[in-house]
Each structure stands twice: as C-alpha cells, then as structure tokens.
Amino acid sequence: ISCVIATHNRDELLKETVHSVINQTLPPIEIIIVNDLPNENTKKVVDELIKQSSITINYLEHNMKGKGSISYNLGASKVRGKFIAFLNDDDLWEVDYLKKMSILIKEKDSKICYAGTSKIKNGRKSPHKQLDDNLKMEDFLLKNPGCQQSNLIVNRDLYISLGGFDDYIIPSIDKDFLIRALYFGYNYNVLKERLVIQNKHSGDQLTDINIEFLLGMKKF
C-alpha cells in the first residue's frame, strides 16, 4: 500500500497527519505528499519529516490549484504500491488502520474498501460516520453515508481506470468516485471499526458552506 496525502497550507496539521502514517503498525511502502500551493515553508516541514521517517517520503508540488483531486490524481500516477490509501492533510489514522485494512483486502479480495470514522472537535473525539455494506448508487446521491478520501483504500489500476477523483464537483468527489465504481459493476467492502479520525478544526474545510461549495454541489 502506498499513501498519498494532499496538502494545502496546513503545515502544522500536516505534521500530525504524517506522523499518524509513520506510526502505523503496518506502515505503507511509501508516502507521497502533493502540495498545490508551492512554498518554502511546507517544503521545510516535509524535509524535516523526511529526516524523522523510516518510510520513503516523496514530495511533489504543482500549480494546477484545485481542491485536492488534482493532487490525489498526480500522486496516484507516481505510486509504486498495488493499492493507494488516500489521506487529507487534516485527518489522522489510528495506529492499526493499514494493518486491519490489509487483512480485509486479503480476506475479501477487495479492490475498494473503507473504514469507519471518528471526529475530533474542540479536543473531544466522538463517533462519526460508519459506511454500510451493499448500498446502491441512489443511496449516495443525496447524502454521504461515510465514504471519504481518508478512509478509502483502492486498487491503483482500478482507480486510474475509473479516472480518479473529479475536481469539478467539490465537495462530492468521494461520493462521485464510488458511484462510478458501482455503476461499472465494482463492489466495495467495509471494515466496521472507526480507524480514521476527521479533524473538525477552525481553519478552512471543503465542507464549509460557501459559493464554491454550492457550485460544486450543482455540478455533482
């Protein structure tokens, strides 16, 4: 499994996120950090993380802007692993996330799998979304039952063949990807444990209600 992290001006949160990957009981074969806001500060942060990590960390920058999808797709084109685990720069993995997801992949011969999520807000952790098995396409049209980027591990070749994430329909890229997979006859599997933590912080988030959010919903 390769880990791809998309980052955008969240250097302090990025440190925590990368450490949650480095500390996995079953670490990924590599970490690819993709930054859509090239700057020296983030590069210095990543250089320091590289020194601290026993896992290979590769750092990419681009000027194509976007809201994460372009970064994820760019990172996915560079991975060496058979599977890709995506992670937002403000989310975290519990220490056994990759180990338990790897077991699920082997047991189910899965190409697309998700874990349950928790959330941290004001320093308090609480249960968040838990995706159910065998949902249909229509179940994802009006709400998100629990498929995000940070709790998705997907076969690399399948991800690329489906066209990756679509940057034009923010904030629904996570739903859109799974809907397309279901449309083309692929199934998904779910680990019924909350092993991914969403950080509900005070900074800008993709789920903030604004004009860009509403235009993305309209396009979706």
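## A walk through the predicted model

The side chains of Glu-94 and Lys-125 come together in a salt bridge, with N and O 2.8 Å apart. This pair connects distant parts of the chain: Glu-94 sits in the loop between strand 5 and helix 4 (97-108), while Lys-125 belongs to strand 7 (residues 124-127), 31 residues apart. Glu-94 is partly exposed, with a relative accessible area of 22%. Please keep in mind as you read that this is a predicted model.

Let us stay with charged pairs for a moment. Side chains of opposite charge can pair when their charged atoms come close. In this structure the count comes to eleven salt bridges. Another of them joins Glu-193 and Lys-100, at 2.9 Å from N to O. Glu-193 lies in strand 9 (residues 189-199) and Lys-100 in helix 4, so this salt bridge ties together parts that are 93 residues apart in sequence. Glu-193 is partly exposed at 30% relative accessible area, and Lys-100 also counts as partly exposed, at 26%.

Now look at a salt bridge within a helix. Lys-43 pairs with Asp-47, and their closest N and O atoms are 3.5 Å apart. Both residues lie in helix 2 (residues 40-52), four residues apart, which is about one turn of the helix. An α-helix has 3.6 residues a turn, so residues three or four places apart point the same way. Lys-43 is partly exposed at 33% relative accessibility, and Asp-47 is partly exposed with a relative accessible area of 33%. Elsewhere, Arg-10, Asp-89 and Asp-90 are linked in a network of salt bridges.

What, then, is the nearest side chain of opposite charge to the buried Asp-91? That side chain is Arg-10, but it is 7.2 Å away, and Asp-91 has no salt bridge. The cut-off for a salt bridge is 4 Å, so a separation of 7.2 Å does not qualify. Asp-91 is part of strand 5 (residues 91-93). A polar atom of the Asp-91 side chain lies 3.4 Å from the backbone nitrogen of Asn-199. Leaving aside residues up to four places away in sequence, Asp-91 touches Thr-17, Ser-150, Ile-197, Gln-198 and Asn-199.

From here we can turn to the strands, beginning with strand 1 (residues 2-7), where six of the six residues are buried. In a regular strand the side chains alternate between the two faces of the sheet. Both faces of strand 1 are covered: Ser-2, Val-4 and Ala-6 are buried on one side, and Cys-3, Ile-5 and Thr-7 are buried on the other. Strand 1 pairs with strand 2 (residues 30-35) in the parallel sense over six bridges, and Ser-2 stands opposite Glu-30 in strand 2. Between these two strands the chain passes through helix 1 (residues 11-22), making a right-handed β-α-β crossover. Strand 1 also pairs in the parallel sense with strand 4 (residues 83-88), over five bridges. Here Val-4 stands opposite Phe-86 of strand 4.

Strand 4 leads us on to strand 8, since the two pair in the antiparallel sense over three bridges. Phe-83 has Asn-155 of strand 8 as its bridge partner. Strand 6 is joined to strand 8 by three bridges as well, and these two strands run antiparallel. One such pairing is Ile-112 with Val-154 in strand 8. Within strand 8, Leu-152 and Val-154 point one way, Ile-153 and Asn-155 point the other way, and all are buried.

Strand 8 also helps to cover a helix. Ten of the eleven residues of helix 6 (residues 173-183) are buried, so this helix is largely enclosed by the rest of the structure. The buried residues include Ile-173, Phe-177, Leu-178 and Ile-179, and also charged residues such as Asp-174, Lys-175 and Arg-180. The buried residues of helix 6 pack against helix 3 (69-76), strand 6 (112-121), strand 8 (152-155) and helix 5 (156-161). After helix 6 comes Gly-185, which has a positive phi near 90°.

Our last stop is Asn-58, in strand 3 (residues 57-61). Asn-58 is partly exposed, with a relative accessible area of 34%. Not counting residues up to four places away in sequence, Asn-58 touches Glu-30, Ile-31, Ile-32 and Ile-33. The C-alpha atoms of Asn-58 and His-19 are separated by 15 Å, with their positions 39 residues apart along the chain.

Technical notes
Residues are numbered from 1 along each chain as its sequence is written. This is a predicted model: local features need pLDDT of at least 70, side-chain atom pairs count only at pLDDT 80 or more; totals for chains, interfaces and linings use all residues. Side-chain values use heavy atoms; hydrogens and water are left out. Buried means under 20% relative accessible area, exposed over 50%, partly exposed in between (1.4 Å probe, protein chains only). A polar contact is a pair of N or O atoms within 3.5 Å; within protein, one must be able to donate a hydrogen and the other to accept it, and residues adjacent in sequence count only if both atoms are side-chain atoms. Contact means heavy atoms within 4.5 Å. Two strands pair if DSSP finds at least two bridges between them. A crossover is right-handed if, with the strands pointing away from the viewer, the path from the first strand over the helix to the second runs clockwise.
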